[in-house]
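User: I would like a close look at one part of this model, the helix packing, with some context around it. Please keep the account plain.

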Amino acid sequence: MPLPVAALAPLDPHALVGLREHVHRALRQVILQGGFEPGARLNERAIAEQLGVSTTPVKEALRLLEADGLVRTKPRSGVIVNFDFAWAEEMILARAAIESTIARLAAQRITAPDKPVLQAILDDMQRATAESSAEELVQLNEVFHGHIRSVARANYLRLLNDRQDVYDSGARRVIHSDPAERQQALTEHRQIGRAVIAGDPDAAEVAMKAHVLRAGDSYLDLVFRKKKD
């Protein structure tokens, strides 16, 4: 299956990240947004032409994607997209387990200086929700979860969680375009934040797991279920 023409934009040769990682991120985003059907073959030369790079960083990026589990090399067929509904669902379940454990640790390890920072993020999220600022909410969502991980001081779990992150900014923007989704997300983030600030590990773990699973279901609707309708 050929790469969609509008899927990838030429890369900035002056980007701060390495070219291989730039290609990796671009391809990962398209895959996670459902830009390829499961089992589609990726054409290295076509990808390189669209990105304006040689095939070398594309080959390297595809190896990284294979390590991520998003593609696989099939003999005599080339690189095949491995990402489908079942794979995404498992990634979400794994992320829910990891993120909920991180939230539990955050509630146990939060310090006095951490608390007003987390509360300020929640206040910003409430304001952005009231103003229907979807773009700002996407950014604040990343700040919120990032702060929870920072408070937890669980570096190994953070590495594991990064591998399970199926959401990208594009997917979050579409999801947050729904007013009901924005309000529900705010309610859930408040529950998580208050539990962490209160030092209640049980409540923080339960709230985070419920949030990740529900948000994951919205993602599956966006990428897979609605494509079938």
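Which pattern does the protein follow when read along the sequence? After that, please look closely at helix 4 and how it packs against helix 7 and helix 6.

Analyst: This is a predicted model. Read along the sequence, the pattern is α-β-α-α-β-β-α-α-α-α-α-α-α, which comes to ten helices and three strands. The protein has 229 residues, and 46% of them are buried. Of the contacts between residues at least 6 apart in sequence, 74% join residues at least 24 apart.

Two packed helices are described by the angle between their axes and the distance between the axes. Helix 4 covers residues 85–109, and its packing with helix 7, residues 155–164, has an angle of about 150° and an axis separation of 9 Å. Because angles over 145 degrees count as roughly antiparallel, helix 4 is roughly antiparallel to helix 7. The crossing of these two helices is left-handed. On the helix 4 side, the contact is made by M91, A94, R95, I98, E99, T101, I102 and L105. Helix 7 contributes L157, R158, L160, N161, R163 and Q164. By class, the residues of this contact are seven nonpolar, three polar and four charged.

The other partner in your request is helix 6, residues 134–152. Here the angle with helix 4 is about 60°, and the axes are 7 Å apart. Helix 4 and helix 6 are therefore oblique to each other. This crossing, too, is left-handed. Helix 4 takes part through R95, E99, I102, A103, L105, A106 and R109, and helix 6 through H145, I148, R149, V151 and A152. The contact of helix 4 with helix 6 divides into seven nonpolar, one polar and four charged residues.

Set side by side, the two lists show how helix 4 is used. R95, E99, I102 and L105 appear in the contact with helix 7, and R95, E99, I102 and L105 also appear in the contact with helix 6. Among the other helix 4 residues, M91, A94, I98 and T101 are listed for the helix 7 contact, while A103, A106 and R109 are listed for the helix 6 contact.

Helix 6 also has a link to helix 9, residues 179–197, where R182 is found. R182 has a relative accessibility of 8%, so this residue counts as buried. Leaving out residues up to four places away in sequence, R182 touches T129, S132, A134, L137, H176 and S177; of these, A134 and L137 fall within the residue range of helix 6. The C-alpha atom of R182 is separated by 9.7 Å from that of Q126, which is 56 residues away along the chain. E181 is found in helix 9 as well. E181 counts as buried because its relative accessibility is 9%. With the same exclusion along the sequence, E181 touches I175, R214 and S218.

For context at the start of the chain, helix 1 spans residues 19–32 and has 14 residues. From first C-alpha to last it reaches 20 Å, close to the 20 Å expected at 1.5 Å a residue. Its buried residues are V23, H24, A26, L27, R28, V30, I31 and L32. Just after helix 1, G34 takes a positive phi of about 80°.

How values were computed
Residues are numbered from 1 along each chain as its sequence is written. This is a predicted model: local features need pLDDT of at least 70, side-chain atom pairs count only at pLDDT 80 or more; totals for chains, interfaces and linings use all residues. Side-chain values use heavy atoms; hydrogens and water are left out. Axes are lines fitted to C-alpha atoms, for helices over the stretch in contact, and angles run from 0 to 180 degrees between N-to-C directions. Angles under 35 degrees count as roughly parallel, over 145 as roughly antiparallel, 65 to 115 as roughly perpendicular and the rest as oblique. A crossing is left-handed if the near helix is turned anticlockwise from the far one by less than a right angle, and right-handed if clockwise. Contact means heavy atoms within 4.5 Å. Ala, Val, Leu, Ile, Met, Phe, Trp, Tyr, Cys and Pro count as nonpolar, Asp, Glu, Lys and Arg as charged, and the others, Gly among them, as polar. The expected span of a helix is 1.5 Å times one less than its number of residues. Buried means under 20% relative accessible area, exposed over 50%, partly exposed in between (1.4 Å probe, protein chains only).
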